[in-house]
Amino acid sequence: MRDFDIVGLGEPLIEFNQTRPGHPEFLQGYGGDTSNAIIAAARQGARCAYLTRIGADVFGEQLMQLWRDESVDTRGAMIDPHAHTGLYFVQHGPEGHVFSYMRHGSAASRMNPEDLRHGLVERAAFLHVSGISLAISATACDTVFAAIERARGAGTQVCLDSNLRLRLWPVDRARAILREAMRLADVFLPSMDDMRHLTGHTDAARTLDWIRAAGAPGVIVLKLGREGAVLDDGHGRVIVPGLVVDAIDATGAGDCFAGSLLARRAQGDDWGAAVRYANAAAALSTRGFGAVQPLPTAAEVDAFLRA
Ligand code: KDG
């Protein structure tokens, strides 16, 4: 048995989430897609670790405390005295979320492959990375590929979430690098929104065909938002419908999906059951403000599924 079910690698952020549209009132919380996913997984009972750099500042200390409170191993979360912890604001308008970031030059963007010498990737069942982990800087991108290489060498399965952020990189570079990463991933979790930018396709079947033709060899779960997800396990495709809730804020719902999915796989669910569970967890995560605070526990997801 591995020491960890899931090790995540990427950029954690401090979040300021608007609580009333049109009003300058913000709730401080936490974000960063891979950190959100790892916390979601930990709340489902998975044994998790997070790999990153944070600044030697109050926000870095708060993130460290958050992971400890969530029983996430922090040995791979390094404090960088020369850079700050990144942050972002979320505002809610008629078009949905508007994100404003202050992350340029952040501690996490200074990660480099040497940071992986602790060997935690090799001790996990899954490594979870994302398009954001790849996009924040060239050295972070190198770190993700180095982690993937370590994972593949050690039999750790690689999970990649597309999480495309076009403010971080131009679409052609994003497509080229994500294509390379998806070829190396055992599990690819694209969203329909992201893939529309990368492929030009607006329907799920064509999008999945494009991903297969691009060389993705593993399990693909195409996220359709509140409609659910399409599972392509390499043998067939099945739609797993989403669950309806009164949503307030969808920040981090995709990350909750990823973390819950991997947690349930690590606990022995087949892919169909894991996707159903992840749909339910992601739906529940939209019932409160922010990326982390509303992430449900296993007991909450089980109760919701029973109801
Ligand atoms: O998925 C939610 C994330 O987008 C949020 O927590 C911030 O990681 C973030 C990012 O870079 O957008």
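Rings of Phe, Tyr and Trp (its six-membered ring) pair if their centres lie within 6.5 Å; planes under 30 degrees apart count as stacked, over 60 as edge-to-face and the rest as tilted. With that in hand, here are some exercises.

This is a predicted model, in which local features need pLDDT of at least 70 and side-chain atom pairs count only at pLDDT 80 or more, while totals for chains, interfaces and linings use all residues. Residues are numbered from 1 along each chain as its sequence is written, and side-chain values use heavy atoms, with hydrogens and water left out.

**Exercise 1. Find the aromatic cluster, then count the aromatic pairs.**

Step 1: Look for Phe16, Phe26, Phe59 and Phe89; together they form one aromatic cluster.

Step 2: Searching the whole structure gives 7 aromatic pairs.

**Exercise 2. Describe the pairs made by tyrosine 101.**

Step 1: Start with tyrosine 88 and tyrosine 101, whose ring centres are 5.9 Å apart with 40 degrees between the planes, a tilted pair.

Step 2: Place both residues on the chain. Tyrosine 88 belongs to strand S7 (residues 86-93) and tyrosine 101 to strand S8 (residues 96-102), so this pair ties together parts that are 13 residues apart in sequence. Strands here are DSSP runs (E, at least two residues), as helices are (H or I, at least four), numbered from the N terminus.

Step 3: Turn to phenylalanine 99, which forms a stacked pair with tyrosine 101, at 5.8 Å centre to centre and 15 degrees between the planes.

Step 4: Check the accessibility, where buried means under 20% relative accessible area, exposed over 50%, and partly exposed in between (1.4 Å probe, protein chains only). Tyrosine 88 is buried at 3%, and phenylalanine 99 is buried at 18%, whereas tyrosine 101 is partly exposed at 23%.

**Exercise 3. Explain why cysteine 141 and cysteine 256 form no disulfide.**

Step 1: Recall that a disulfide is a pair of cysteine sulfur atoms within 2.5 Å. The structure holds 0 of them.

Step 2: For cysteine 141, the closest cysteine sulfur is in cysteine 159, 17 Å away, so it is too far for a bond. Cysteine 141 is buried, at 10% relative accessibility.

Step 3: For cysteine 256, the closest cysteine sulfur belongs to cysteine 48, and at 12 Å this is too far for a bond. Cysteine 256 is also buried, with a relative accessible area of 0%.

**Exercise 4. Locate the charge above tyrosine 277.**

Step 1: The charged end of arginine 264 sits over the ring of tyrosine 277, 4.2 Å from the ring centre. The test is NZ of Lys or CZ of Arg within 6 Å of the ring centre and within 35 degrees of the ring normal.
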